Amino acid sequence: MARDTTDQTPLSSVSDMTAYLAAGSKAKEQFRIGTEHEKFVFFRADNSPVPYFGDASISALLKGLQKKSSWDPIMDGDNIIGLGEPTGMGAISIEPGGQFELSGAPLENLHQTCKESNQHLATLREIAEPMGIRFLGIGGSPKWTLAETPRMPKSRYDIMTRYMPKVGTKGLDMMYRTCTIQVNLDFASEEDMRRKMRVSMKLQSLATALFASSPFTEGKPNGLSSWRGDIWRDTDNRRSGLLDFTFRDDFGFRDYVEWALDVPMYFVVRDGHYHDCTHVTFRQFMNGALKGEIAAWEPTMGDWTNHLSTLFPDVRLKRFLEMRGADGGPWRRICALPAFWVGLLYDDEALTSADELTKEWTFEEVNALRDVVPVQGLKASIKGHGLFDVAREVIGISRNGLKNRARLNGDGLDESVFLAPLDEVLAKKGTLADDLLMLYHGRWNQSVEPVFEEYQY
C-alpha cells in the first residue's frame, strides 16, 4: 500500500466495518485486474544495494519518475516515499529494504497488465541507467545480509521493525529481503467472495511452488525452493498464514472483520504523525484503549482501512481479494501470476472446477502443505496426490477459464498465452528455483553474482 489513508469518517460499529468490505462487491462486467510487483534495486558495478539518500539512490529514482510521469509525490515528513497516479489508478512505493513496487491500475485484461508492467520497467530503466542502477526479479535477496540491506525512512516501517522480533523469528527478513508478485481481483457478492477466498486460500501453496525463485541466502543455497515461503511460516502468525474460518461453508465478511478486530494494530496516523499502537488490538481501540494516550483517540474509517493493509494472510480481503503466495520473478512471470488466478477465479466454470477439485482439502491438510512446500516445492503432496499432478490439472482449469473469457468477451484476445512460463515449469518438471540452483552448481561456479546480470529487468 503506497499511501496510508487519513479518512476521518467516524467508525462506531462492527456493522460499519463489515459494510466497508461488502461495498467492494461489483457487477461482473466491472471486474478488473490489479497487478503488483516488487524488485530488488542494485548497483551494476558491484551488485551492492542502493541506499535511500544520495545522487544515485532510491529517492533519486522516485524524484526522476515523478518528473517523468507527473504523478503526485507521497511524502513521509520531508522524504518522498512513493508516487500516486492523480486519479488513484496506480501507485509506486518502496518496501522496507528499498524494494521498488508498482501497484498497477485496475485493468480489463491481461494484455493491458503486461503492457503496463513493460512500460513501467522501461521508464524505470531509462531513469536508473545513468545512475548505474539495475533491478533484480527473484523472490529473495540472494546476497545481502540484513545488516547490509538499507532501511527506508518510512514511519510505518520503523514501527514494524521494532515490533517484528517480538512476534516471530523471520519478520525482518520478510520486510527487508523478499519480493513478490501479487494480483488483486474483484468479487460480485458475499457468496462470490466466499468461493474465491476458499479456492484461492487452498491453492496459494501451489502458487508458492510454481513461482518459487528464492533458493539463495547470503550468497549460498539455503536448502529451500522458496525462502520467501518459509519466511512467512514464522513472521507474525496472528496476522498471517491460512485462516481456518475461510474453509467454512458459511464464511462471510463479518467473520473476517471479527478476526481482524483481534489482531494487534501497528499504528494510527494523526496530523501526519504515526503513533505506535502495537500494544492494542483494533477491538481494544474501538473500546477506548487509546483514550488519554493520543488526543484524537476515536477510531475512524481511515484507521480501519490502514489496519486492513497491515494484515498478511495468504489471501487478504479488502474491497477486493489479494493473492499473496508467489515469489517475485522475471518479467514474464509478472504476467503469468495474474493469468493463473484470473483464469481460475474470473470464469464461473473454472471456479466451479477448482472448487470441486479442492473441496475435500481440510484446513489441517492445506496447512501441512504450506509447511512443506518451501522445501519440497512441486514434489510435495496433498491427500495422496503429488503437487506436480495437481499443478497440471489446475493450470489446465485456468487455461480453460482464460479461453472462456476470450469467447465471452468476443474480443479475440487470448490471455492463455501468458501461462507459458507455467507450461515450461510443467514441461521441465522444474521451477525457476531449480534453474537457479542448476546454474549455481554449473556455469556460475558456485557464485550468486551472475544472477544479478542474468535475471535483471
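**Leucine 413, helix H1 and aromatic pairs in a predicted model**

Me: Where does leucine 413 lie in this predicted model?
Reply: The model is predicted. Helix H14 covers 387–409 and helix H15 covers 420–428. Leucine 413 lies in the loop between H14 and H15.

Me: Is leucine 413 buried, partly exposed or exposed?
Reply: Leucine 413 touches Asn109, His111 and Ala406, leaving aside residues up to four places away in sequence. Its relative accessible area is 32%. Buried means under 20% and exposed over 50%, so the class in between applies. Leucine 413 is partly exposed.

Me: Within what arc do the buried residues of H1 fall, seen down its axis?
Reply: The buried residues of helix H1 are Val14, Met17, Thr18, Tyr20 and Leu21. They line one face of the helix, because seen down the axis they fall within an arc of 150 degrees.

Me: Which elements do the buried residues of H1 pack against?
Reply: Three of the partners are helices and one is a strand. They are helix H8 (253–261), helix H9 (282–286), helix H10 (301–308) and strand S14 (315–317).

Me: How many residues apart in sequence are the parts tied together by phenylalanine 282 and tryptophan 304?
Reply: Phenylalanine 282 is buried, at 0% relative accessible area. Phenylalanine 282 and tryptophan 304 form an edge-to-face aromatic pair, 5.1 Å centre to centre with 65 degrees between the planes. Tryptophan 304 is also buried, at 0%. Phenylalanine 282 lies in helix H9 and tryptophan 304 in helix H10, so the pair ties together parts that are apart in sequence by 22 residues.

Terms used:
Residues are numbered from 1 along each chain as its sequence is written. This is a predicted model: local features need pLDDT of at least 70, side-chain atom pairs count only at pLDDT 80 or more; totals for chains, interfaces and linings use all residues. Side-chain values use heavy atoms; hydrogens and water are left out. Helices (H or I, at least four residues) and strands (E, at least two) are DSSP runs, numbered from the N terminus. Buried means under 20% relative accessible area, exposed over 50%, partly exposed in between (1.4 Å probe, protein chains only). Contact means heavy atoms within 4.5 Å. The arc is that of the directions from the helix axis to the C-beta atoms. Rings of Phe, Tyr and Trp (its six-membered ring) pair if their centres lie within 6.5 Å; planes under 30 degrees apart count as stacked, over 60 as edge-to-face and the rest as tilted.
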